[in-house]
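Subject: The model we talked about

Hi,

Here is the structure I promised to pass on. Have a look at it first, and then read my notes underneath with the viewer open.

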Amino acid sequence: MTREQRLATTFVELADSLVEDFDVVELLVLLTERSVELLGAEAAGLLLADGNGNLRLIAATSEAIETVELFQIQNDEGPCRDAFHDGAPVEVVDLAHAADRWPRFAPVAAAAGFRAAHAFPLRLRGSVLGAMNLFRVEPLPMTAAEVATAQALADVATIAVLQSRALHESRMVAEQLQGALHSRVAIEQAKGIIAERHGCDMDTAFRALRNHARRGGLRLSDVAHDVVAGALRPEDLRTST
């Protein structure tokens, strides 16, 4: 399949996911995974602002990038933070030379194996809802076509968040984001329960959670809540595909 075909397939897949009562967290996880596949990145994360304007982690493609993103939030410095506050894309081709800009974040990201960082804002007219990060292990810039594709994917994420709000017209944006954040917390708790019970790592636990949701046509967040509440036993989830 050519890059153009994979790109078209991805946007069709994402558009098909924007159906009534879709799971916004699951869609954003899918979007970060497809961004990695399409843009030659090794990892991606997506942060959204809560009702107080503080960035919160919503989606990450691995535990390693989740740790890096949480460090970025806790220390209030890094590419996503800058893209969110400036409303413009951020590109640092080599984090080894970014110590002046991000003295705490750059060494942590480099220690995790990442060399290049790219961030794209989730824009809504004059407002910014959050930002998406892409990391590469090689110090490589993005081409103009890759930058355009990445921003288009970030715009899809914006549409997903806004569509989720439209499906709940009585809620404000902050309330909707808060719901997504609550779902994310349940997913993290469920991953921990599954990992402990099966003796597997967190990435494997997440795949088991999502595969169970997909096989049953269920919302990822609902399955996570069931695991946390004890309504679904971790033993009933398969950790192998």
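Below is what I found, starting with the whole chain and then going through some helices and single residues.

One thing to keep in mind throughout is that this is a predicted model.

**The chain as a whole**

There are 9 helices and 5 strands in the chain. If you walk along the sequence, they come in the order α-α-β-β-α-α-β-α-β-β-α-α-α-α. For the overall size, the C-alpha atoms fit in a box of roughly 50 × 45 × 40 Å along the principal axes. A compact globule of 241 residues would have a radius of gyration near 18 Å, and the chain comes out at 17 Å, so the two agree.

As for the inside and the outside, 49% of the 241 residues count as buried. The accessible surface is about 11,100 Å², and carbon and sulfur atoms make up 51% of that. I also checked how far along the sequence the contacts reach: of those between residues at least 6 apart, 62% join residues at least 24 apart.

**Helix α1**

This helix covers residues 3-17. Its 15 residues should span 21 Å at 1.5 Å a residue, and the end C-alpha atoms are indeed 21 Å apart. Which of its residues are buried? Leu7, Thr10 and Leu14 are. Looking down the axis of α1, the buried residues fall within an arc of 60°, so they line one face of the helix. The general rule behind that spacing is that an α-helix has 3.6 residues a turn, so residues three or four places apart point the same way. On the face of α1 turned away from the buried side you will find Glu4 and Asp16, which are exposed.

**Helix α2**

Next comes α2, residues 24-39. From first to last C-alpha it reaches 22 Å, close to the 22 Å expected for its 16 residues. This helix is mostly covered, with 15 of the 16 residues buried. At its start, a side-chain oxygen of Asp23 comes to within 3.1 Å of the backbone nitrogen of Val25. At the other end, α2 is followed by Gly40, which has a positive phi near 65°.

Ser35 sits in α2, and this serine has a relative accessible area of 0%, so it counts as buried. What does Ser35 touch, leaving aside its neighbours within four places in sequence? The contacts are with Met132, Leu134 and Leu153.

**Leu48 and Asp76**

Leu48 belongs to strand β1, residues 43-49. It is buried too, at 2% relative accessible area. Its C-alpha is 8.9 Å from that of Leu181, although the two are 133 residues apart along the chain.

Asp76 is worth a look in the viewer. You can find it in the loop between α3 (63-75) and α4 (79-86). Its phi is positive, about 55°, even though this residue is not a glycine. Buried, partly exposed or exposed? At 46% relative accessibility, Asp76 counts as partly exposed, because the cut-off for exposed is over 50%.

**His198 at the end of α7**

His198 lies in α7, residues 173-198, and is partly exposed, with a relative accessible area of 31%. Where does its side chain go? It reaches the backbone oxygen of Pro234 at 2.7 Å and the backbone oxygen of Leu237 at 3.4 Å. The C-alpha atoms of His198 and Pro234 are 7.7 Å apart, with their positions 36 residues apart along the chain.

**Helix α8**

Last on my list is α8, residues 202-216. Its length also works out: 15 residues should span 21 Å at 1.5 Å a residue, and the end C-alpha atoms are 21 Å apart. The buried residues here are Thr204, Ala205, Phe206, Ala208, Leu209, Arg210, Asn211, His212 and Ala213. At the start of the helix, a side-chain oxygen of Asp201 comes to within 3.3 Å of the backbone nitrogen of Asp203. Just after α8, Gly217 has a positive phi of about 65°.

Cheers

Notes. Residues are numbered from 1 along each chain as its sequence is written. This is a predicted model: local features need pLDDT of at least 70, side-chain atom pairs count only at pLDDT 80 or more; totals for chains, interfaces and linings use all residues. Side-chain values use heavy atoms; hydrogens and water are left out. Helices (H or I, at least four residues) and strands (E, at least two) are DSSP runs, numbered from the N terminus. The expected span of a helix is 1.5 Å times one less than its number of residues. Buried means under 20% relative accessible area, exposed over 50%, partly exposed in between (1.4 Å probe, protein chains only). A polar contact is a pair of N or O atoms within 3.5 Å; within protein, one must be able to donate a hydrogen and the other to accept it, and residues adjacent in sequence count only if both atoms are side-chain atoms. Contact means heavy atoms within 4.5 Å. The radius of gyration is taken over C-alpha atoms; the globule rule is 2.2 Å times the number of residues to the power 0.38. Accessible areas come from the Shrake-Rupley method with a 1.4 Å probe; for residues, only the protein chains shown count as cover. The arc is that of the directions from the helix axis to the C-beta atoms.
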